[in-house]
Amino acid sequence: MKDQADSYQTADGRTIGPVVMEMRNITLRFGGVEAIKDISFDIREGEIRAIIGPNGAGKSSMLNVISGFYVPQEGEVWYKGARRPPMKPFEVAEQGIARTFQNIALFEGMSVLDNVMTGRLTHMKTGLFSQSLWKGKAEREEVANREVAEKIIDFLEIQAIRKTPVARLPYGLKKRVELARALAAEPTILLLDEPMAGMNVEEKEDMSRFILDVNDEFGTTIALIEHDMGVVMDLSDRVVVMDYGRKIGDGTPQDVRNNQEVIDAYLGVAHD
Amino acid sequence: MPEQLAFTIEVFLNGLMAGVLYALVALGFVLIYKASGIFNYAQGVMALFAAMTLVGIQNGQVPFSHLINAIFGTDVHSFGWSVHSGLAIVFTVFVMIALAWMVQKFVFRHLVGQEPIILFMATIGLAYFLEGVADLMWGSEIKSLNVCAAEGACLPQGINMWIDETTFTAFGYGFFIDNLDIVASIVAAILVIGLVAFAQYTKQGRAMRAVADDHQAALSVGVSLNFIWVLVWSLAGFVALVAGIMWGAKSGVQFSLSLIALKALPVLMLGGFTSIPGAIVGGLIIGVGEKLFEFLIGAPFLGGATENWFAYMLALLFLVFRPQGLFGEKIIERV
């Protein structure tokens, strides 16, 4: 096991940095139901970290804990070397953690460009007053933010639909716009909740390519949830496997693939 | 130009002006409804409260003086000074912001995620509570409102005499148009342009639209729902103040002011609950519609007094044929 502060090279020559986020003994309950039971794992800088598991394993709950939508009853979240106090989701976003949702949460009434621009909100620092006057600093800031937004739109190849209201877009493109909005925040960690759910093979390939490119180009740390084992194995550096709220495996795709408990969970062995 | 036609034009113009005042009230509804899905029944009372606070501050009235006198046996009513209108407006804006903060803190924060009907009931409660507070704070007598930028540059007082006065002449016909209405139209136009620009081009405006569209997504891009809701209620409070000033100058600051909220309902059904321009156009259509209908059809054929129900009938027609209103968000749904 590598030390938390160490960096290392992957086989394909990318550098994986020290641990940036660590979950310590997280337990999350909804009433009497334990959605997450005493789970610990870490996310390293620059890696693609996958969380997999069968339906109802608690993967989305885990992502919601990281992004602040759920507050766990027990356990600690460590971020950038400090313990994170319980936070509201918008505060987590301000700390540089952006996310997408399983069931796409876009601003349907706005254009694609406007959606991506809302992703820049955490980077807009001018106050209410100077914003209202729309002069000087506020104007320069808007221009700078617009440039970043346009760059990301180019990067994800959605220039053609920049001005289209999101509600008119097909599902696959909506997923891509949501990724663009999350990316626009230039996040330290990008959380993707089933980025390929409901896509056909071609769309999945596109999305996989974008995820790899984002990681490569911007060095963004990515944590993602995915069902499709093939995709996960190709994409990720390390994998956490969950089943019934417990962690049953953690390691490289190769490690996980050979883990008997993981194989059981996926092939369906009776739980007793 | 024949007399009859000129007269019709005059009625039309007066309708437009009346419409502006309806639109001002409707605007406050739209702001809050868009951002939080709350239909704020208390908007009219907020206008009343704002106008009373403005007059109270201007006249140096001691707030809650009746209460204070009753408890302590004193006899204070006035600070004995009067405050300049501009300054009084600034103070009133602060009061409206404080009110927005309290409404959010003590009422709607605890009702997040509740059914719309429950939120609506809460605003009805808020309306009666606020009316009571306004009464307790500033007293219930009718007050006149004089807003002056400088000596001699005052907001014109509404004229309650009807049409036999002439304010300007064109085509050899003496038109009557209330000066206050003209000022109100200009103010409303500036207000709407300002609000639309704010929503379109500023960070807070963008965050506001984000919250209006999807709460969860807004949170995920770093928008504090609480802040936005306080902001929206403050804006609605500001719009209420403007509406309160205009209506107050027209017909005096009195408790019946809170009933103008009811006239905003048909305006909203016409314009759509979610559109700022819709509130304006809806207001104008209702204003012009009810005046022209009364003049051309109501008075000659129906025995008059159609102004009371015309707006609601029009709204009813819209509900049947175009429920989202003229400018309301179309329901686009991919299946």
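Which residues does Phe327(B) touch, not counting residues up to four places away in sequence? The tour returns to that question at its last stop. The model is a predicted one, and it is best approached chain by chain.

**Stop 1: chain A as a whole**

Select chain A and display it as a cartoon. Its secondary structure comes to ten helices and twelve strands. The radius of gyration of chain A is 19 Å, close to the 19 Å that the globule rule gives for 272 residues, so the chain is as compact as a globular protein of that length. Along its principal axes, the C-alpha trace of chain A spans about 65 × 40 × 40 Å. Buried residues account for 42% of the 272 residues in this chain. Of the contacts in chain A with a separation of 6 or more, 66% involve residues 24 or more positions apart.

**Stop 2: a four-stranded sheet in chain A**

Next, select strands 3, 4, 6 and 7 of chain A. They form an open sheet with the order 4-3-6-7 and antiparallel pairing. Strand 4 (33-44) and strand 7 stand at the edges with a single partner strand each, so one side of each is left without a neighbour in the sheet.

Then restrict the selection to strand 3 (residues 19-30) and strand 6 (residues 74-79) of chain A, which pair in the antiparallel sense over five bridges. One point to label is Glu22(A), whose bridge partner in strand 6 is Trp78(A).

Move on to strand 7 (residues 82-83) of chain A. Two bridges join strand 6 to strand 7, and these strands run antiparallel. Tyr79(A) has Ala82(A) in strand 7 as its bridge partner. Strands 6 and 7 of chain A form a hairpin with two residues between them. In the turn, select Lys80(A), which has a positive phi of about 50°.

**Stop 3: chain B as a whole**

Switch the selection to chain B, which contains twelve helices and four strands. A compact globule of 335 residues would have a radius of gyration near 20 Å, and the 21 Å of chain B agrees with this. The C-alpha trace of chain B spans about 70 × 60 × 35 Å along its principal axes. Of the 335 residues of this chain, 45% count as buried. Among contacts in chain B between residues at least 6 apart in sequence, 73% join residues at least 24 apart.

**Stop 4: helix 2 of chain B**

Select residues 43-58 of chain B, which form helix 2. This helix has 16 residues and reaches 23 Å from its first C-alpha to its last, close to the 22 Å expected at 1.5 Å a residue. Is helix 2 of chain B mostly covered or mostly uncovered? It is mostly covered: 16 of its 16 residues are buried. Beyond helix 2, select Gly60(B), whose phi is positive, near 65°.

**Stop 5: helices 6 and 9 of chain B**

Select helix 6 (residues 179-201) and helix 9 (residues 225-251) of chain B. Their axes come within 10 Å and cross at roughly 175°. Angles over 145 degrees count as roughly antiparallel, and helices 6 and 9 of chain B are therefore roughly antiparallel to each other. To see where they meet, show the side chains of Leu180(B), Ala184(B), Val187(B) and Leu191(B) in helix 6, which meet Val239(B), Val242(B), Met246(B), Ala249(B) and Lys250(B) in helix 9.

**Stop 6: where the chains touch**

Display both chains together. In this view, 21 residues of chain B are in contact with 27 residues of chain A. Helix 6, helix 7 (203-213) and helix 8 (215-220) of chain B each supply at least two residues of the side of chain B that touches chain A. The largest share of that side, seven residues, comes from helix 7 of chain B.

**Stop 7: Phe327(B)**

Finally, select Phe327(B), found in the segment after helix 12 (307-321) of chain B. Phe327(B) counts as buried because it has 20 C-beta neighbours inside 10 Å. Beyond the residues up to four places away in sequence, Phe327(B) touches Gly271(B), Gly272(B), Ser275(B), Pro277(B), Gly278(B) and Val281(B). Add Phe273(B) to the selection: the C-alpha atoms of Phe327(B) and Phe273(B) are separated by 8.5 Å, although these residues are 54 residues apart along the chain.

Definitions and conventions:
Residues numbered from 1 in each chain as written. Chains lettered and ligands numbered in written order. Predicted model: local features only at pLDDT ≥ 70, side-chain atom pairs only at ≥ 80, totals over all residues. Pairing = 2+ DSSP bridges. Expected span 1.5 Å × (residues − 1). Buried ≥ 20, exposed ≤ 12 C-beta atoms within 10 Å, placed from the backbone. Rg over C-alpha atoms; globule rule 2.2 N^0.38 Å. Contact = placed C-beta atoms within 7 Å. Axes fitted to C-alpha atoms, helices over the stretch in contact; angles between N-to-C directions. Parallel < 35°, antiparallel > 145°, perpendicular 65-115°, else oblique.
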